[in-house]
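Here is a walk through one protein model, element by element. Keep the sequence and the structure side by side as you read.

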Amino acid sequence: MPLVLDGVEIAGEIKAEVAVAVQALKERGVVPGLAVILVGSVAASEIYVRSKVKTCGELGIYSEMLTPPKTVTTDELLTMVAALNGRDDIDGILIQLPLPGHVDTKRLLEAVAPEKDVDGFHPVNVGRLQSGQPGLQPCTPAGVMEMLRRRDIPVAGKNAVVIGRSDIVGKPMAMLLLNASATVTICHSKTANLAGVTQQADILVAAIGRPGFVTEDMVKQGAVVIDVGINRVVSEDKVREFFGDDPKRQATFEKRGSVVVGDVHPEAFRASSAYTPVPGGVGALTIAMLMANTVKAAELRRG
Ligand code: NDP
């Protein structure tokens, strides 16, 4: 039976350590602070942000939510970010994506002071990651590395294949694996003979955004399979295709009208030696890593 890499459990470990670090900072008179900018009202974003703010509260991190309307201009947002950059009590600034189409997202992300860039998206932090220097790293791929480290999964010398080359997940994931001395291949929608490449992977990371895309024949026997994908499936036929008659998934579908599926087909995990479930795998770690980054930012700047 493959080992299930339980993201909820690992997130609990990380949060417990963050709470201790927050306490240590407080004893020196420093309360770490996170500001979240949420533009307009997008239901999914609101849920994410509320959960980030709640976790801050649980761990003793000060948080502030700024909620400009969806008509806000890039210039108004830049003014907001500049004010947060200038505040000593704010250690982390997070701009919840996606932003409305008229907002210049790139310009805004580049306006965040690199030392407060807890998402790790600023070019300075991207460059630091690339050159192996300490800095703030994107939460989702950093969470994957934490998971591998905490469950003693060796990375050095392994063949790692990352499917997906986004700035948020795929590219930083590949860079972190490379920095940990894996031999890394990045795949994308133009990759020829994708299955031939993935079959060589000792560590396979799927960050594609397509439900059940990675099938069992694409997975090397005994590989570690990390499923970053979070996809909502709304058709009962599809739920059956992925989960058969699994009563738990059927019940979720009946209750919510949808079921979350990763980028890896549930049957493909059978070939693995260890895998992350969806939900309860990588997704569970992202907020914990955001909290860890906020404390790290506070320690680096004020500690
Ligand atoms: P993007 O859409 O930005 O990137 C998807 C990548 O997948 C692209 O590089 C694309 O290639 C590649 N791709 C698409 N189709 C194929 C294909 N047929 N064959 C090979 N590669 C393909 O997505 P993100 O990176 O932002 O997110 C990926 C997934 O991870 C999503 O399901 C998202 O919901 C989830 N996610 C989960 C998080 C978490 O906390 N667990 C956080 C962030 C994202 P190309 O570049 O050629 O178009």
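In what order do the 6 strands of the open sheet stand? Reading across, the order is E1-E11-E8-E7-E5-E6. The pairing is parallel. Bear in mind that this is a predicted model.

Start at the edges of this sheet. Strand E1 covers residues 3-4 and strand E6 covers 183-187. Each has a single partner strand, so one side of each is left without a neighbour in the sheet. In general, strands of a sheet pair through backbone hydrogen bonds, either parallel or antiparallel.

Now move to E5 and E6. These two strands pair in the parallel sense, over 5 bridges. To find the register, look for Val-161, which stands opposite Thr-185 in E6. Strand E5 spans 159-163. How many of the 5 residues of E5 are buried? The count is 4, and E5 is mostly covered. Helix H7, residues 170-179, lies across E5, E6 and strand E7. The helix runs at about 170° to E5.

Next come E7 and E8. Strand E7 is made of residues 203-206. It is joined to E8 by 4 bridges, and the two run parallel. Ala-206 stands opposite Asp-227 in E8.

Strand E8, residues 224-227, also pairs with strand E11, residues 274-275. The sense is again parallel, and there are 2 bridges. Val-224 has Ala-274 as its bridge partner in E11. Val-225 is matched with Tyr-275 of E11.

Which residues of E8 are buried on one side, and which on the other? Val-224 and Ile-226 are on one side. Val-225 and Asp-227 are on the other. All of these are buried, and both faces of E8 are covered. In a regular strand the side chains alternate between the two faces of the sheet.

Turn to the other sheet. It is open and has 3 strands, in the order E3-E2-E4. Here too the pairing is parallel. Strand E3 (62-66) and strand E4 (92-95) stand at the edges. Each of them has a single partner strand, so one side of each lacks a neighbour in the sheet. From one strand to the next, the twist averages 15°.

Strand E2 holds residues 33-37. It is joined to E4 by 4 bridges, and the two run parallel. Leu-34 stands opposite Gly-92 in E4. Two helices pack on this sheet. Helix H2, residues 43-59, touches E2, E3 and E4. The direction of H2 makes about 155° with that of E3. Helix H3, residues 74-85, also touches E2, E3 and E4. The direction of H3 makes about 180° with that of E2.

Just past this sheet, find Gln-96. It lies in the loop between E4 and helix H4, which covers 105-111. Is Gln-96 buried or exposed? Its relative accessible area is 8%. Buried means under 20%, so Gln-96 counts as buried. Its side chain has a partner: a polar contact of 2.8 Å joins it to the side chain of Lys-52. Leaving out residues up to four places away in sequence, Gln-96 touches Ile-37, Leu-38, Ser-45, Tyr-48, Val-49 and Lys-52.

Compare another glutamine. Gln-250 lies in helix H10, residues 247-256. With a relative accessible area of 9%, Gln-250 is buried. What does Gln-250 contact, apart from its neighbours within four places in sequence? The list is Glu-236, Val-239, Arg-240, Gly-244 and Asp-245.

Finally, look at the ligand. Which of the 22 residues around the ligand come nearest? They are Arg-165, Ser-166, Ser-189, Ile-230 and Thr-286. Ser-189 places a polar side-chain atom 2.5 Å from an oxygen atom of the ligand. For Arg-210, a polar side-chain atom lies 3.2 Å from a nitrogen atom of the ligand. Val-228 takes part through its backbone: one of its polar backbone atoms is 3.4 Å from a nitrogen atom of the ligand. How much of the ligand does the protein bury? Taken alone, the ligand exposes 930 Å², and the protein buries 70% of that.

Technical notes:
Residues numbered from 1 in each chain as written. Predicted model: local features only at pLDDT ≥ 70, side-chain atom pairs only at ≥ 80, totals over all residues. Heavy atoms only, no water. Buried < 20%, exposed > 50% of the residue type's maximum accessible area, 1.4 Å probe, protein only. Contact = heavy atoms within 4.5 Å. Pairing = 2+ DSSP bridges. Axes fitted to C-alpha atoms, helices over the stretch in contact; angles between N-to-C directions. Near = heavy atom within 4 Å. Polar contact = N/O pair within 3.5 Å; in protein donor to acceptor, adjacent residues only side chain to side chain. Areas by Shrake-Rupley, 256 points an atom, 1.4 Å probe, with all protein chains shown as cover.
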